[in-house]
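Please walk through the model below with an eye to strand pairing, unusual backbone angles and helix packing.

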Amino acid sequence: MLRILIMVMALLFLSPLLEGILRKFKALVHSRIGPPLLQPYWDTLKLLGKDNVRSSHSMLGPVPAYLSLAAVLLAGLLVPVGGSAAFAGGDMILFLYMIGFASVCVMLAGMDSGSPYAFLGTAREMMTSLTVEPVLFIALITAALKTHSFRFSDMAFYQQSSGTSLSMIISGIALLLGIQAQLSKLPFDIPEAEGELMGGPFIEISGPTFALYRWGFIIKQLIFSLILVQIFFPWTFGLSGLWAVLAQIAKILVVILLVGLVDVVNPRLRIDQAMIYYFGVVLTALVGLVFALVGA
Amino acid sequence: MTKQDILSLLKAKLGAGFMGSTEPIHDQLWVEVKPEAVVQAVEILHRQTPARYLVSVGSDERDIKKRFAVYHLFTFDKDHFFITLDVTADPHTPRIPSITNVIAGANWSEREIRDLLGIQFENHPDPRRLILADDWPAEVYPLRKEFDYSQKPESHPEQAYKFKDNPPGTTVVAMGPYFPVFEEATYFRLYVEGEKVVDVDYRGFYAHRGIEKLGDQTLTYNQIPFMAERICGICGFVHNVSFCKLVEHAADIKVPRRADFIRTIMLELERIHSHALWLGVAGHIIGFDTVLMQTWRMREPIMWLCEKITGNRKTYGMNLIGGVRRDIPRTLVPEIRTKMNNMEKEWLAVLDAVKDDTTLRMRLEKVGILNKEGCHEWAAVGPVARAADLDMDARKDHPYCAYDAVDFKVITADSNDVWGRTVVRILETLESFKIVNQSLDALMELPEGDIITEIRQDIPAGRIAISAVEAPRGEDVHFLLTGGNNRPERWRVRCPTYPNLPTIPDMVRGEQVADVPIIVGSIDPCFSCTERMEVVDVDSGKIRIYGQEELSSWTAKHS
């Protein structure tokens, strides 16, 4: 129980730091000074303190926001940290459901707001999750095939105990290519598309409700980097103890900065152009699966 | 084609419809035609000659000539002259045939004349309101002479603007009246099917300031340049030069050569910072904020340079009729050169980065197509026309200031799309560096201090002038009919966005919603020019008020 509590706290209060680092990094590429490292915390605090202005069409109100954040947190509890997950009662199937459910909540919120921008954004969100979430699914299935287990903790140990596996690496790469879209980063922030849809599904959402969605997104960044680093690229470079932990943190930073770099050097694609890319990523993931089936 | 050829062609074809012609200034041909012959005359010019439509100007001349007048302005770019068709409308029930069915580009001009002067155009395909607010009372025409500029008519909120009906199976996505990436108030009403744009309707002019009215009624020739500069917050100097050129043309005032070169330098500095600004905004529209941040960083030293030369970052207040107010001292020339070289180096790096960026090209290529024929039909100007392989540039076609003395290329592209417009603007900026450097050479040779011609006589009434100045967004055209009381009888501003903006529906039809903002952005729309509205740049920094004495001592020190 204590571990679960610590993990929830860690997810909630460490993930904004990652976002702060990401923002600083973007500012560096922009030749800007950028916001203070702790700005994401202040942003969240400020949003939480605001009035909750709602669309008059809205029937669900903030409910999808609570559900989405809860789903993301539950998914986070399943991710192994230091060898085992905080919540031992679930496996990758539950994880996939929770991640999928969080996207469904965003779509619900979009449909609920009654704005044409939100409808367009929701349609795009739907297309994106229908093509990108299978990447996560296939990659994890590949890992499950290799380890003969649906549990993340088994997957995390696999490469360390039985050596680097080609299919796992390929799946990891596919996942890395896919999380750009999963995290709504450029060039794939198409559902929100600030320039044309002004936030898409979130256009009518403000204040504390918006803070929850944003917080969920920021936590998702941490979760996806953790999955990548723990399951697909789990090498510790022969380090142990505190050094191994530091190596893991460094790897998480590398993943996040890679995502940030792609985000900052690309314009937004159109949804039709992005779909072509997504199919490529799905294919890459399938290649990984095929390799796993033949035993590589 | 020479002026003589045109005259004989018109005379032969129009017969009795041709009423006479004059040549008020060397680069102008003035042809009076009967209202019933105007459509035919326009057809001849538009379809059988290389003439390019500019704008139509309405004028209330009931006091001086007992008529309303409509002037249709055309230019012969390669023969360097303008031709004006002068049509008279009845002073009591003004009504003339519409030419919009021949030239689509006349649509807005005619609606504007109808809104402001009450001249009706028969057979106009889209006679809805253009300029006046929705609640402006019917049959109150603000540009008529009896309407006082300070008058506020009663509001009629029950009048509503009629948008096009939804095509079947479409939903409306509104971009505007306030839309984040457009920065100014404008309304594109998109009729979409899924992601595809089926049709689009436009409503604008939310912030019409009536600057032309002020020019006709309260301001004097010497005040208008400062008002003209406030038409736009980005290319204000262009309007300023356009107006000064008009009066200099009409009254035959010779500007000192040094002033010509100083004007050229300021015009090109404006082009450089405007294109840098545009590239940043275009990047921002498609989510590429790195471009925005970097180009605006590069632009900043140019703004500081402008401040050093003129005393202001923007809205320089440099121009007067007859010359400029401040000299560029020789001691400043090396610094300008250094800034130019630095920016040129950085700009070449931008060019390199942009031209090989595949994602960027995916977004910009084959989007927002407007070809040569489309440009001719809508009278599109500037980078939009040049990206459609039309070699058109007022700096070459109607040389003004010192452009006859500097060497530069007119950049064109043949891809007809947003990418072409981007390339044209980036390469054009490189030409601007060349022009500034050549002008600086000239400044080193010409005697310092000879920057303004004093005007001793009054500006004669009844003179006519047209000026075309190449703004960063395209050609800016001003028209002037001089009047008594030291002010114009009619002054008309046609900014480059005015002909470019109506092309948007043609460009976005069939494209995706995601492409609309960048297509609109690709014409570099300047709604403030179009609506002749002021953009106020509020500096949040410390404000210090300088006293008269301090200012005088400063002027003394720096002059």
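In this predicted model, Tyr71(B) has Asp86(B) as its bridge partner in β5(B), and this pair is a convenient way into the pairing of β5(B) with strand β4 (residues 67-76) of chain B, where 9 bridges join two strands that run antiparallel. The hairpin formed by β4(B) and β5(B) has 4 residues between the strands, and within this hairpin His80(B) takes a positive phi near 60°. Strand β5(B) is also joined by 6 bridges to strand β2 (residues 28-33) of chain B, and here the two strands run parallel; in this pairing, Val33(B) stands opposite Val87(B) of β5(B). Of the 9 residues of β5(B), which spans residues 81-89, 7 are buried, so the strand is largely enclosed by the rest of the structure.

Further along the backbone of chain B, two other residues deserve attention for their angles. Most residues other than glycine have a negative phi, and most peptide bonds are trans. Phe205(B), although not a glycine, has a positive phi of about 55°; it is found in the loop between β10 (196-203) and α5 (211-217) of chain B. Phe205(B) is buried, because 21 other C-beta atoms lie within 10 Å, where 20 or more are required. Cys401(B), likewise not a glycine, has a positive phi of about 45° and lies in the loop between α14 (394-397) and α15 (418-445) of chain B. Cys401(B) has 24 C-beta neighbours inside 10 Å and therefore counts as buried as well.

In chain A, the peptide bond from Leu186(A) to Pro187(A) is cis, with omega near 0°, and Pro187(A) belongs to the loop between α7 (166-182) and α8 (194-197) of that chain.

How do the axes of α3(A) and α4(A) cross, and within what distance do they come? The axes of helix α3 (residues 63-78) and helix α4 (residues 92-113) of chain A come within 8 Å and cross at roughly 160°. Since angles over 145 degrees count as roughly antiparallel, α3(A) and α4(A) are therefore roughly antiparallel to each other, and α3(A) passes α4(A) in a left-handed crossing. The residues that make the contact include Leu67(A), Ser68(A), Ala71(A) and Leu78(A) on the side of α3(A), and Phe95(A), Met98(A), Cys105(A) and Ala109(A) on the side of α4(A). Taken together, the residues of this contact divide into 18 nonpolar and 1 polar, with no charged residue.

Definitions and conventions:
Residues are numbered from 1 along each chain as its sequence is written. Chains are lettered from A and ligands numbered from 1 in the order in which they are written. This is a predicted model: local features need pLDDT of at least 70, side-chain atom pairs count only at pLDDT 80 or more; totals for chains, interfaces and linings use all residues. A residue is buried if 20 or more other C-beta atoms lie within 10 Å of its own, exposed if 12 or fewer, and partly exposed in between; C-beta atoms are placed from the backbone. Two strands pair if DSSP finds at least two bridges between them. Axes are lines fitted to C-alpha atoms, for helices over the stretch in contact, and angles run from 0 to 180 degrees between N-to-C directions. Angles under 35 degrees count as roughly parallel, over 145 as roughly antiparallel, 65 to 115 as roughly perpendicular and the rest as oblique. A crossing is left-handed if the near helix is turned anticlockwise from the far one by less than a right angle, and right-handed if clockwise. Two residues are in contact if their C-beta atoms, placed from the backbone, lie within 7 Å. Ala, Val, Leu, Ile, Met, Phe, Trp, Tyr, Cys and Pro count as nonpolar, Asp, Glu, Lys and Arg as charged, and the others, Gly among them, as polar.
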